[in-house]
Amino acid sequence: MIEHAKHSVPASVFVSAFKRCGIDFITTVPDMLQIALHQALEDPVHGIRTINCTTEDQAIETAAGLYAGGRNAAVLVQNQGFYAGINSVRALGLDSGVPLFFIIGQFGREFANLGADPLQSKRRMVRMLEPLLDTLEIPYWRLEGPADSANIERAWHASRERKGPAALLVGHFIGF
């Protein structure tokens, strides 16, 4: 039996961390694994606006535009969406030095791999993410459960300090 609470971080933890970081926008391509966070962000009391995009390129480019306009945005996508947006990551994050904070859900991760090394996943889409980030020289932090919650802010601050992309890898669905 899977102990989902052991591997899932509640949406409220993300929202609190976003507020401490001063994040005022989330650009995203909505998905089912992160639906709890999408629902939590709909509450206007948080003061964080969500911009739903149709592609990951659009989410990345919108976040970069918000940064140019003096706003603090995070990009919320899945691993396969991150793969789809690589050219925008390269152009805006790596070549232009725009601090991009990615929250990347590990879509497709099998329950049998929870608590184990994602590099040992049987699913290519899961195990390829970290080697790709290493190749792109993008620092990342895993979020494998509530004990890793401080990594949300670590990844955010890394994106600002290095003036480039940094990623938080969310290993399981986000809890309600």
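Student: Is F102 buried or exposed in this structure, and what is its relative accessible area?

Tutor: This is a predicted model, and in it F102 is buried, with a relative accessible area of 1%. The cut-off for calling a residue buried is a relative accessible area under 20%, and F82 counts as buried because its relative accessibility is 1%.

Student: Which residues of helix 2 are buried, and how should I read their placement around the axis?

Tutor: A general idea helps here: an α-helix has 3.6 residues a turn, so residues three or four places apart point the same way. In helix 2, which runs over residues 11-21, the buried residues are A11, F14, V15, A17, F18 and C21. They cover an arc of only 165 degrees around the axis, which puts them on the same side of helix 2.

Student: What covers the buried residues of helix 2?

Tutor: The elements covering them include strand 1 (25-28), helix 3 (35-41), strand 4 (101-105), strand 5 (140-143), helix 9 (150-162) and strand 6 (166-170). From the other partner's side, the buried residues of helix 9 pack against helix 2, and also against helix 4 (56-68), strand 3 (73-78), strand 4, strand 5 and strand 6. Those buried residues of helix 9 are N151, I152, A155, W156, A158, S159 and R160.

Student: How many aromatic pairs are there, and how do I read the one that F14 and F18 form?

Tutor: Two rings count as a pair if their centres lie within 6.5 Å, and planes over 60 degrees apart make the pair edge-to-face. By this rule there are three aromatic pairs. F14 and F18 form one that is edge-to-face, with 6.2 Å from centre to centre and 65 degrees between the planes. Both residues lie in helix 2, four residues apart, which is about one turn of the helix. F14 counts as buried because its relative accessibility is 0%, and F18 counts as buried because its relative accessibility is 0%.

Student: What angle do the planes of F82 and F102 make, and where in the chain do these residues lie?

Tutor: The ring centres of F82 and F102 are 5.2 Å apart and their planes stand at 85 degrees, so this pair is edge-to-face. The pair links distant parts of the chain, since F82 belongs to helix 5 (residues 79-84) and F102 to strand 4, 20 residues apart.

Student: In what sense do strand 1 and strand 2 pair?

Tutor: Strand 1 and strand 2 (residues 49-52) pair in the parallel sense over four bridges, and the bridge partner of T27 in strand 2 is I51. Together with helix 3, these strands make a right-handed β-α-β unit.

Methods: Residues are numbered from 1 along each chain as its sequence is written. This is a predicted model: local features need pLDDT of at least 70, side-chain atom pairs count only at pLDDT 80 or more; totals for chains, interfaces and linings use all residues. Side-chain values use heavy atoms; hydrogens and water are left out. Buried means under 20% relative accessible area, exposed over 50%, partly exposed in between (1.4 Å probe, protein chains only). Helices (H or I, at least four residues) and strands (E, at least two) are DSSP runs, numbered from the N terminus. The arc is that of the directions from the helix axis to the C-beta atoms. Contact means heavy atoms within 4.5 Å. Two strands pair if DSSP finds at least two bridges between them. A crossover is right-handed if, with the strands pointing away from the viewer, the path from the first strand over the helix to the second runs clockwise. Rings of Phe, Tyr and Trp (its six-membered ring) pair if their centres lie within 6.5 Å; planes under 30 degrees apart count as stacked, over 60 as edge-to-face and the rest as tilted.
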